[in-house]
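I opened my notebook to look around a new protein model. Here is what I looked up, entry by entry.

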Amino acid sequence: MYTILQANEDCEYLQDKLNAIHVWSQDWQLGISYKKCNLMYNGHTLYKPNLLLNDVSLAVVDEVRDLGVIIDSRLTFHTHIKQTVVHATVRANLIHNVLSHVMFLPSYVLLKFMLGLCLNTLRIRGFLTIS
């Protein structure tokens with residue numbers, strides 16, 4: 001859920017919507033994992049209310065993961081990019097170690113294979129578009 005907080009009425013409106021979500025979840029007997037619900041303020045705002053969901057205060061966080069993508073309160077993807085590069089490096093090193101000790105392939109074949117895997121990882125994570 002997203003809204004712009006410019007006045008106290010906006011904070012009350014957001015709290016009313018959170019209350020409506022709680023009532024809806026109770027009506028449909030769908031439990032909400034309140035420990036997984038967070039609150040993140042984007043940009044500079046004068047209003048930073050303490051919002052509740054089923055009388056549970058929502059934790060304020062600087063980063064949130066949504067569908068595998070990490071977004072921070074400044075709407076940058078630095079953490080996500082760093083994590084993706086670390087995963088690609090670990091995978092490439094693991095593959096290099098296995099292939100260089102098990103199969104005696106020329107180094108240019110290993111390099112081409114690892115480059116393909118790294119590019120595929122970046123493409124899957126959405127950092128690279130191949131057309």
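**Entry 1: overall form**

What radius of gyration does the protein chain have, and what would a compact globule of 131 residues have? I looked up both: the protein chain has 22 Å, whereas a compact globule of 131 residues would have a value near 14 Å. I note here that this is a predicted model.

Next I looked up the extent along the principal axes. The C-alpha trace of the protein chain spans about 65 × 35 × 30 Å.

I then checked the surface. The accessible surface of the protein chain is about 10200 Å², and carbon and sulfur atoms account for 60% of that. Of the 131 residues, 21% are buried.

**Entry 2: helices and strands**

How many helices and strands are there in the protein chain? I find three helices and six strands. Reading along the sequence, I wrote down the pattern α-β-β-β-β-β-β-α-α.

I also looked at contacts between residues at least 6 apart in sequence: 39% of them join residues at least 24 apart.

**Entry 3: the nonpolar core**

Which residues make the largest nonpolar core? My list has ten residues: Leu5, Cys11, Leu14, Leu18, Tyr34, Leu39, Tyr41, Leu51, Leu53 and Leu58. Helix 1 gives the most to this core, with three residues.

I followed Tyr34, one of the core residues, to see what it touches. Leaving out residues up to four places away in sequence, Tyr34 touches His22, Gln26, Leu53, Asn54 and Val56.

So I turned to His22, which is found in helix 1, and asked: is His22 buried or exposed? His22 has a relative accessible area of 16%, and because the limit for buried is under 20%, His22 counts as buried. With the same neighbours in sequence left out, His22 touches Tyr34, Leu53 and Asn54.

**Entry 4: the end of helix 1 and the loop after it**

Where is Leu30? I found Leu30 in the loop between helix 1 (8–27) and strand 1 (38–39). Leu30 has 43% relative accessibility, so it counts as partly exposed.

Leu30 also belongs to a nonpolar surface patch of about 390 Å², which it makes with Trp24 and Trp28.

Ser25 is worth a note too. Ser25 lies in helix 1 and is buried, because its relative accessible area is 2%. Not counting residues up to four places away in sequence, Ser25 touches Leu30 and Ile32. I marked Leu30 twice on my page: as a contact of Ser25 and as a part of the patch.

**Entry 5: the salt bridge**

How many salt bridges does the structure hold? I counted one salt bridge. The side chains of Arg74 and Asp72 meet in it, with 3.6 Å from N to O.

I compared how the two partners sit. Arg74 is exposed, because its relative accessible area is 64%. Asp72 has 7% relative accessibility and therefore counts as buried.

**Entry 6: two backbone angles**

I looked for residues with a positive phi that are not glycine. Asp55 is one of them, with a phi of about 60 degrees. Asp55 is found in the loop between strand 2 (52–53) and strand 3 (56–57). With a relative accessible area of 70%, Asp55 is exposed.

Leu75 also has a positive phi, of about 60 degrees, and is not a glycine. I placed Leu75 in the loop between strand 6 (69–72) and helix 2.

**Entry 7: pairs that involve helix 2**

My last stop was helix 2 (residues 78–102), where I found Thr89. How many residues apart in sequence are Thr89 and Cys118, and how far apart in space? They are 29 residues apart in sequence and 7.9 Å apart in space, C-alpha to C-alpha. Thr89 has 41% relative accessibility, so it counts as partly exposed.

Val85 is found in helix 2 as well. The C-alpha atoms of Val85 and Leu122 are separated by 8.3 Å, and these residues are 37 apart along the chain. Val85 is partly exposed, because its relative accessible area is 42%.

Methods. Residues are numbered from 1 along each chain as its sequence is written. This is a predicted model: local features need pLDDT of at least 70, side-chain atom pairs count only at pLDDT 80 or more; totals for chains, interfaces and linings use all residues. Side-chain values use heavy atoms; hydrogens and water are left out. Patches are made of residues with over 30% relative accessible area and no salt bridge: like charges are joined within 9 Å, nonpolar side chains (Val, Leu, Ile, Met, Phe, Trp, Tyr) within 5 Å. Accessible areas come from the Shrake-Rupley method with a 1.4 Å probe; for residues, only the protein chains shown count as cover. A salt bridge is a side-chain nitrogen of Lys or Arg within 4 Å of a carboxyl oxygen of Asp or Glu. Helices (H or I, at least four residues) and strands (E, at least two) are DSSP runs, numbered from the N terminus. Buried means under 20% relative accessible area, exposed over 50%, partly exposed in between (1.4 Å probe, protein chains only). A nonpolar core is a set of buried Ala, Val, Leu, Ile, Met, Phe, Trp, Tyr and Cys residues joined through side-chain atoms within 4.5 Å. Contact means heavy atoms within 4.5 Å. The radius of gyration is taken over C-alpha atoms; the globule rule is 2.2 Å times the number of residues to the power 0.38.
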